[in-house]
Amino acid sequence: IGNNNLLMAYVHIAHDCVVGNNCVFANNSTLAGHVIVGDFVVLGGMTACLQFIHIGSHVITAGGSMVNKDIPPFVKAANLPISFAGINSLGLQRRGFPMERINTIKDIYRILYQSSHTVSNAVEIIKEQYGHTDEAKQVLGFIGSANTGIMKGFTSMRRN
């Protein structure tokens, strides 16, 4: 467990987990075994992460989330199943990211999650258009090393 983290009441971090620096785990957040969490991650209350999940840096999850897929860096994740809910622009602004970098991150995730491309096609487009940027290198490196697959794009919850 890294430095300067806030673990609120009833947080559980299981065996063989790695937690970065400057994270906030709200009440009842739970990590199963072998979970890797990057820096500046905020887990909403009652977020549960299955084993072997990776969560990228600068991620925020909605309360009550069930994390069963890897979550790439810089995003907001919510819903059931866990899915893309935008980028964590407010968190990035608070950490001093310039608007140019934030806009690059938005463009990268627009290609990945808000287009009709498959993940492999989106990766190629991102490499072609933004591959020279640090943000793209982080996102593409994360996707390339995802063990459980990455979360899906936004899905609306259906009630029958």
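Biologist: Where is the place of P81?
Modeller: Happy to start there, with the reminder that this is a predicted model. Strand β12 covers 75-78 and strand β13 covers 83-87. P81 has its place in the loop between β12 and β13.

Biologist: Which residue does a cis peptide bond join to P81, and what is omega?
Modeller: Most peptide bonds are trans. The bond into P81 is cis, and its partner in that bond is L80. Omega there is about -5 degrees.

Biologist: Thanks! In which sense do β12 and β13 pair, parallel or antiparallel?
Modeller: The two strands form a hairpin with 4 residues between them. Their pairing runs over 3 bridges, and A77 stands opposite F84 in β13. The sense of that pairing is antiparallel.

Biologist: Which residue in the turn of that hairpin has a positive phi?
Modeller: Most residues other than glycine have a negative phi. In the turn between β12 and β13, one residue has a positive phi of about 75 degrees. That residue is N79.

Biologist: How many of the residues of β13 are buried?
Modeller: The strand is mostly covered. F84, which lies in strand β13, is buried. For β13 the count of buried residues is 4 of 5.

Biologist: Let's stay with F84. How is its aromatic pair with Y109 arranged?
Modeller: The structure holds 4 aromatic pairs. In the pair of F84 and Y109, the centres are 5.8 Å apart and there are 20 degrees between the planes. Planes under 30 degrees apart count as stacked, so the F84 and Y109 pair is stacked.

Biologist: How many residues apart in sequence are the parts that this pair ties together?
Modeller: One ring, that of F84, belongs to strand β13, while Y109 lies in helix α2. Both residues are buried. The pair therefore ties together parts that are 25 residues apart in sequence.

Biologist: And how far apart are the ring centres of F84 and Y113?
Modeller: This pair is stacked too, because its planes are at 20 degrees. It links distant parts of the chain, with F84 in strand β13 and Y113 in helix α2, 29 residues apart. Both F84 and Y113 are buried. The centres of these two rings are 4.6 Å apart.

Biologist: Which residues do ring pairs link into a cluster?
Modeller: F84 forms a stacked pair with Y109, and the rings of F84 and Y113 are stacked as well. Ring pairs thus link a cluster made of F84, Y109 and Y113.

Biologist: Lovely. On to helix α3: how far apart are its end C-alpha atoms?
Modeller: The helix runs over residues 119-130, which makes 12 residues. At 1.5 Å a residue it should span 16 Å, and the distance in the model agrees. The end C-alpha atoms of α3 are 15 Å apart.

Biologist: What arc do the buried residues of α3 cover around the axis?
Modeller: The buried residues of α3 are A122, V123, I126 and Y130. They lie on the same side of α3, because the arc they cover is only 105 degrees.

Biologist: Which helices do those buried residues pack against?
Modeller: Two helices are involved, one covering 99-113 and the other 134-144. The buried residues of α3 pack against α2 and α4.

Biologist: What is the order of the strands in the open sheet?
Modeller: The sheet has 3 strands, and the pairing is parallel. β3 (18-19) and β9 (54-55) stand at the edges, each with a single partner strand, so one side of each is left without a neighbour in the sheet. Strand β6 (residues 36-37) is joined to β9 by 2 bridges, with V37 opposite I55. The order is β3-β6-β9.

Biologist: Is H58 buried or exposed?
Modeller: H58 sits in the loop between β9 and β10 (60-61). Its phi is near 65 degrees, a positive value in a residue other than glycine. Buried means under 20% relative accessible area; at 9%, H58 is therefore buried.

Biologist: And N4, buried or exposed?
Modeller: N4 is in the segment before β1 (6-7), and its phi is near 60 degrees. Its relative accessible area is 63%, and over 50% counts as exposed. So N4 is exposed.

Biologist: Last one: to how many disulfides does the count come?
Modeller: A pair of cysteine sulfur atoms must lie within 2.5 Å to count. For C17, which is buried at 16% relative accessibility, the nearest cysteine sulfur is that of C49, 8.7 Å away. For C23, buried with a relative accessible area of 1%, the nearest cysteine sulfur is again that of C49, 11 Å away. The count comes to 0 disulfides.

Conventions
Residues numbered from 1 in each chain as written. Predicted model: local features only at pLDDT ≥ 70, side-chain atom pairs only at ≥ 80, totals over all residues. Heavy atoms only, no water. Pairing = 2+ DSSP bridges. Buried < 20%, exposed > 50% of the residue type's maximum accessible area, 1.4 Å probe, protein only. Expected span 1.5 Å × (residues − 1). Arc of directions from axis to C-beta. Contact = heavy atoms within 4.5 Å. Phe/Tyr/Trp six-rings, centres within 6.5 Å; stacked < 30°, edge-to-face > 60°.
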